[in-house]
Amino acid sequence: MTDAHTAGPFIAAIDQGTTSSRCIVFDRDGRIVSVDQKEHEQIFPKPSWVEHDAAEIWTNVQEVVASAVEKAGITAEDVKAIGITNQRETTLLWDKNTGEPVHNALVWQDTRTDALCRELGRNVGQDRFRRETGLPLASYFAGPKARWLLDNVEGLRERADRGEILFGTMDSWVIWNLTGGPDGGVHVTDVTNASRTMLMNLHTLEWDEKICESIGVPMSMLPEIRSSSEVYGTAAVGVLAGVPVASALGDQQAALFGQTCFAEGEAKSTYGTGTFLLMNTGEKAVNSYNGLLTTVGYRIGDQKAVYALEGSIAVTGSLVQWMRDQMGIIKSAAEIETLASSVDDNGGAYFVPAFSGLFAPYWRDDARGVIAGLTRYVTKAHLARAVLEATAWQTREIVDAMSKDSGVELAAVKVDGGMTSNNLLMQTIADFVDAPVVRPMVAETTCLGAAYAAGLAVGFWPDTDALRANWRRAAEWTPRMDADKRDREYKNWLKAVERTMGWIEEEN
């Protein structure tokens with residue numbers, strides 16, 4: 001893809017995601033020079049158990065890096081740094097002498113630690129570790145997943161006690177292997193990934209000894225916590241051997257960084273399988289009383305950490321896939337927009353896709369999906385519209401919670417992810433949130449964020465102002481909805497949400 005105009009140097013970003021791994025090479029303007037991507041297997045041993053083969057993932061990472069570098073027609077000399085971004089919370093334990101994983105990685109979506117989380121919260125409830133970690137006790141996070149492995153893999157706890165086992169999220173696994181593995185590999189994680197384990201104290205940015213003990217994870221397994229933008233070590237294997245490995249950010253934080261949300265109150269929303277909305281809250285960790293997570297946004301070198309509030313929605317893009325694959329109402333994801341545009345409104349129907357319970361701001365495992373307000377008037381086009389409105393209303397609920405928690409009104413929502421190609425959805429979000437929705441030129445903001453953080457660490461870009469100057473707007477939608485109508489519709493939506501709760505009754 002390179003031609004005479006894209007002279008180096010470059011930054012390479014590795015995105016180890018939930019369904020695939022990819023590598024993107026960027027130039028100084030933050031433009032994409034080349035991309036390569038490879039999917040890995042999704043392993044479902046039981047209902048609601050989800051695993052990945054970490055060895056397969058490491059092989060894929062090496063392949064996409066080699067291929068992206070080859071497509072760009074460059075060599076390691078042209079690459080100034082490598083940045084890493086990753087699926088968050090996915091948990092792996094491996095043997096530090098052989099580099100062999102002791103079990104498949106437990107993926108963030110995996111809910112096998114439900115019972116363990118209830119047990120850990122027994123006397124105090126979901127908020128037992130919230131003050132220190134910013135997180136509710138939920139099967140989503142990595143610490144309890146590590147404890148499950150120690151309890152359930154034969155002989156593992158003994159090996160861990162002997163100091164033979166390393167714990168990591170996927171950033172740690174990739175960096176350890178990239179910097180030499182059993183032969184001198186660096187065992188580190190960054191503050192954003194560490195803040196998703198439930199084992200790090202948000203205020204000290206260090207592992208919390210008391211919590212590690214309560215959850216049952218020996219501290220000897222844990223990686224060293226570093227900033228998101230600094231040189232951790234040098235690549236020792238593959239086509240980029242000799243290049244500094246200089247950033248790590250969990251994928252949603254990387255998107256916040258790539259969207260250049262460097263000021264308090266700036267927010268981004270990534271619309272993929274699920275949706276993740278993060279708002280920069282500056283140098284203070286804001287406690288949430290409205291069902292959001294408090295998390296580290298990023299930390300550049302030895303500067304102070306920047307915190308964020310995060311709202312996650314479990315089902316957005318996957319609802320469109322469900323309409324396509326399970327219901328057969330559309331043949332391609334893009335068709336939902338055409339179908340929904342053929343009617344003026346939802347015909348009175350509301351669709352709450354609580355397929356795996358409700359995430360923010362409710363955190364209700366007992367909820368299941370409903371379609372409410374059905375009459376014979378409703379057509380599949382109205383349902384298609386209700387599907388898009390579901391994503392927009394859930395965004396509105398999180399934006400409301402963010403304003404309440406932070407006391408900051410949202411100025412605009414910067415959006416990215418696959419669903420942003422749906423113009424009707426973008427307009428609906430602007431209408432429901434009553435704020436402008438802005439989409440940037442480079443949609444790959446997750447990889448871009450990792451590249452930016454790595455480039456800052458090695459002086460490829462001088463400062464965050466230089467990164468802001470790179471950010472270019474591609475499209476903007478402004479609200480056009482009458483306020484009375486918005487309030488009336490929102491009330492109906494909240495009524496429908498109520499109908500989802502308490503569907504599953506807890507078995508004793």
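Asp-251, Ala-254, Ala-255, Phe-257 and Gly-258 of helix α9 touch Thr-445, Thr-446, Leu-448, Gly-449, Ala-450, Tyr-452, Ala-453 and Leu-456 of helix α14. By class, this contact of α9 with α14 holds eight nonpolar, four polar and one charged residues. The structure described in this report is a predicted model.

## Two helix contacts

Helix α9 covers residues 251-258 and helix α14 covers residues 445-457; their axes come within 7 Å and cross at roughly 75°. Because angles of 65 to 115 degrees count as roughly perpendicular, α9 is roughly perpendicular to α14.

A second contact joins α12 to helix α16, which spans residues 483-498. Here the helices pack at an angle of about 95°, and their axes are 11 Å apart. This angle makes α12 roughly perpendicular to α16. On the α12 side, the residues in contact are Ala-390, Trp-393, Gln-394, Arg-396, Glu-397 and Asp-400. On the α16 side, they are Arg-486, Glu-489, Tyr-490, Trp-493, Leu-494 and Val-497. The contact of α12 with α16 divides into six nonpolar, one polar and five charged residues.

## An open sheet and the helix packed on it

Strands of a sheet pair through backbone hydrogen bonds, in either a parallel or an antiparallel manner. In this model, an open sheet of seven strands runs in the order β17-β18-β16-β15-β21-β22-β23, and its pairing is mixed. Which strands stand at the edges? They are β17 (293-298) and β23 (473-477); each has a single partner strand, so one side of each is left without a neighbour in the sheet. On average, and with direction ignored, neighbouring strands of this sheet are turned by 30° against each other.

The pairing at one end of the order can be followed in detail. Strand β22, made of residues 437-440, pairs with β23 in the antiparallel sense over four bridges. Val-438 has Glu-476 in β23 as its bridge partner. Helix α12 (residues 380-406) packs on the sheet and touches β15 (267-271), β16 (275-282) and β18 (306-313). The direction of α12 makes about 150° with that of β18. Helix α12 thus appears in two settings: it packs on the sheet, and it meets α16.

## Pockets

The largest pocket holds about 1500 Å³ of space. Its lining consists of 40 residues, and those nearest its centre are Thr-111, Asp-114, Ser-356, Asp-365 and Arg-368. Two elements give two or more residues to this lining, namely α2 (114-120) and α10 (317-325). Which element gives the most to the lining of the largest pocket? It is α10, with five residues.

The second largest pocket holds about 1200 Å³ of space. It is lined by 45 residues, of which Thr-19, Tyr-271, Gly-272, Thr-273 and Gly-418 are the closest to its centre. The elements that give two or more residues to this lining are β2 (20-26), β3 (32-39), α9, β15, α10, α11 (335-341) and α14. Helix α10 again gives the most, with five residues. The two helices α9 and α14, which meet each other, are both among the contributors to this second pocket.

## Cavities

How many cavities of 30 Å³ or more are there in the model? The count comes to two. The largest cavity contains about 110 Å³ of space. Of the 17 residues that line it, Ile-313, Leu-358, Phe-359, Ala-360 and Gln-394 lie nearest its centre. Strand β18 and the helices α12 and α16 each supply at least two residues of this lining. Gln-394, listed among the residues nearest the centre of this cavity, is also one of the α12 residues that meet α16.

The second largest cavity contains about 70 Å³ of space. Its lining is formed by Asp-29, Gly-30, Gly-258, Pro-440, Met-441, Val-442, Leu-448, Tyr-452, Asn-470, Trp-471 and Arg-472. Among these, Gly-258, Leu-448 and Tyr-452 also take part in the contact between α9 and α14.

The table sets out the classes of the lining residues.

| Space | Nonpolar | Polar | Charged |
|---|---|---|---|
| Largest pocket | 16 residues | 13 residues | eleven residues |
| Second largest pocket | 13 residues | 22 residues | ten residues |
| Largest cavity | 13 residues | three residues | one residue |
| Second largest cavity | six residues | three residues | two residues |

Technical notes. Residues numbered from 1 in each chain as written. Predicted model: local features only at pLDDT ≥ 70, side-chain atom pairs only at ≥ 80, totals over all residues. Heavy atoms only, no water. Axes fitted to C-alpha atoms, helices over the stretch in contact; angles between N-to-C directions. Parallel < 35°, antiparallel > 145°, perpendicular 65-115°, else oblique. Contact = heavy atoms within 4.5 Å. Nonpolar A, V, L, I, M, F, W, Y, C, P; charged D, E, K, R; others polar. Pairing = 2+ DSSP bridges. 1 Å grid on protein atoms, 1.4 Å probe; cavity = no way out; pocket = protein on both sides within 12 Å on 5 of 7 lines; lining within 4 Å. Points joined across faces, edges and corners; volume = space filled by probe spheres on them.
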